[in-house]
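Reader: I am new to this structure and should like to learn how to read it. Would you take me through its features in turn?

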Amino acid sequence: MTLFGRRVTLDWWSVILAAVVVLFIVVGWVRVPW
Amino acid sequence: MTAPSSPAHPSPGPLPEGAVASGSLARETASAGDILRKGLIYVPGVLLLLAVGYLGKVVAEYVPHTAYVIWAIAIGMVIRNTIPIPKVFLPGIGSYELWLKTGIVLMGAKFAFQNILAVGGTGLAMVVLEIALSIVVAAYLARKFGLSDKLGSLIGVGVGICGVSAVIGATGAIKARQEDASYAIATILIFGAVMVFLYPFIGRIVGMSDIHFGYWAGLAVDNTAECLATGFAYSEGAGRVATVVKLCRNALMGLVILFMALTYARRGMTAEVTDKARFLWDRFPKFVLGFLALSLAATFGLLAQESVKAMADFSKWLFLLTFAGVGLSTEFSRMKAGLKPFAVGFVVEALVSVMTIGMIYLVIT
């Protein structure tokens, strides 16, 4: 799958997705208790 | 800024400013819509993963001494092999590898960096021995059983490193036949499905500690998802040790495949590898970098304790999706490994299992 015209591998997608989740958690928008 | 032209849509000349802007906007809208549409096809399958995983979590609360991991995989397997799954669910089910890797990155926050170095350092030495053992034994047995050298190498690399991704990577690098790759992958998936249930059972009989079991699962279970599932099915602590040890194996994938590619090239069976650094970087699992980065951030106090806990909790939900995905992707009728590859895989897996237990009890006291 591509992002801004560049092909992004699954590994990098996982890092990008994790970075977004980290950002949301640090800002306090996401709290999902287990 | 000029409007792009193509033979199919020739532009007679420079367009007015507004036309260019609206054309550009239309392209961006189409692109965003495209991304949304691509994302939407995963939704039904991901919801199914969530439902199956959550059902596993609920069942585990009612059945004493069982982990949700086992139930999520078992329920997924039963559904996959008894009910025809509508096609609409398949893309989402296949997305579990993304949730697995994202979950691993997030779990990095829960690890003190020095613990990763400690577990990883000990683990790395054992990993090197385990990989060498798998590859040498698989190569020897493949010749004994009359299989091709390349199929032997694929089984060795699949058992030794990280299952399916290693087999796929090695297949391209040593120019193996697709048929050999399919046999090797099927062999590994069969054992992966069995190990998830068998290993925790053996661990309890032997009375292994969380650390011992974590090292064992991390060293001996092939695929990353099944490896983590086996570790977490035993205990939270075992799962975390298994994760670090498994990442050591994954990180060595490029190096081992490069070694194989060079060996086959020397025998004139594949082309030479020209850019070795590029070869290694292309095969390095990048999500490990994310895992290490988050661990460093947490170790240096850049993350609040409640954020670390939230990340760990979030990663557990992603693992829940992953384990349901492992079950829902396990289709027994497609696991046709062939008798000889299966026999070679079985002997290598059994040897690796026994040798790694011995190694762990010798090294970790």
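Reader: How many helices and strands does chain B have?

Author: This is a predicted model, and in it chain B has 17 helices and zero strands. Chain A, by contrast, has one helix and two strands, arranged along the sequence as β-β-α.

Reader: How should I judge the overall form of chain B, and what radius of gyration would a compact globule have?

Author: One compares the radius of gyration with the value for a compact globule of equal length. For 365 residues that value is near 21 Å, and chain B has 23 Å, which agrees. Its C-alpha atoms fill a box of roughly 75 × 55 × 50 Å along the principal axes. Of the residues of chain B, 46% count as buried. Contacts across the sequence add to the picture: among those in chain B between residues at least 6 apart, 77% join residues at least 24 apart.

Reader: What are the corresponding values for chain A, and what share of its residues is buried?

Author: The C-alpha trace of chain A spans about 35 × 20 × 10 Å along its principal axes. Chain A has 34 residues, and buried residues make up 24% of them.

Reader: How many residues of chain A are in contact with chain B?

Author: Here one counts the residues on each side and then considers their chemical character. In this model 18 residues of chain A are in contact with 18 residues of chain B. On the chain A side, these are 15 nonpolar residues, one polar and two charged. As for scores, the model has an ipTM of 0.93 and a pTM of 0.83.

Reader: How does one read a single helix, and which residues of H2(B) are buried?

Author: The general idea concerns the turn of the helix. An α-helix has 3.6 residues a turn, so residues three or four places apart point the same way. Helix H2 of chain B, residues 43-62, has 20 residues and reaches 29 Å from its first C-alpha to its last, close to the 28 Å expected. Its buried residues are Gly45(B), Val46(B), Leu48(B), Leu49(B), Val52(B), Gly53(B) and Gly56(B). These residues cover an arc of only 155° around the axis, so they lie on the same side of H2(B).

Reader: Which exposed residues does the face of H2(B) turned away from its buried side carry, and what covers the buried residues?

Author: The face turned away carries the exposed residues Val58(B), Glu61(B) and Tyr62(B). The cover over the buried residues of H2(B) includes helices H3 (68-82), H4 (90-93), H5 (96-107) and H16 (305-329) of chain B.

Reader: Is H16(B) itself largely enclosed or largely open?

Author: Of the 25 residues of H16(B), 18 are buried, so this helix is largely enclosed by the rest of the structure. Its length can be checked as well: at 1.5 Å a residue H16(B) should span 36 Å, and its end C-alpha atoms are 36 Å apart, which agrees.

Reader: What is the value of phi at Lys175(B)?

Author: One begins with the usual sign of this angle. Most residues other than glycine have a negative phi. At Lys175(B), however, phi is near 55°, a positive value in a residue other than glycine. Lys175(B) sits in the loop between helix H8 (163-174) and helix H9 (178-206) of chain B. It has 13 C-beta neighbours inside 10 Å and therefore counts as partly exposed. Between Lys175(B) and Thr270(B) there are 6.4 Å in space, C-alpha to C-alpha, although the two are 95 residues apart in sequence.

Reader: Where in chain A is confidence lowest, and where is it highest?

Author: The lowest mean in chain A is 72, in strand E1 (residues 2-3), and the highest is 93, in helix H1 (residues 10-27). Chain A has a mean pLDDT of 86, with 97% of its residues at 70 or more.

Reader: Over which residues of chain B does pLDDT stay under 50?

Author: Chain B averages 85, and 90% of its residues score at least 70. Over residues 1-29 of chain B, however, pLDDT stays under 50, and the model has nine contacts beyond four places in sequence for them.

Definitions and conventions. Residues numbered from 1 in each chain as written. Chains lettered and ligands numbered in written order. Predicted model: local features only at pLDDT ≥ 70, side-chain atom pairs only at ≥ 80, totals over all residues. Contact = placed C-beta atoms within 7 Å. Nonpolar A, V, L, I, M, F, W, Y, C, P; charged D, E, K, R; others polar. Helix = DSSP H or I, 4+ residues; strand = E, 2+ residues; numbered from the N terminus. Expected span 1.5 Å × (residues − 1). Buried ≥ 20, exposed ≤ 12 C-beta atoms within 10 Å, placed from the backbone. Arc of directions from axis to C-beta. pLDDT = per-residue confidence, 0-100. Rg over C-alpha atoms; globule rule 2.2 N^0.38 Å.
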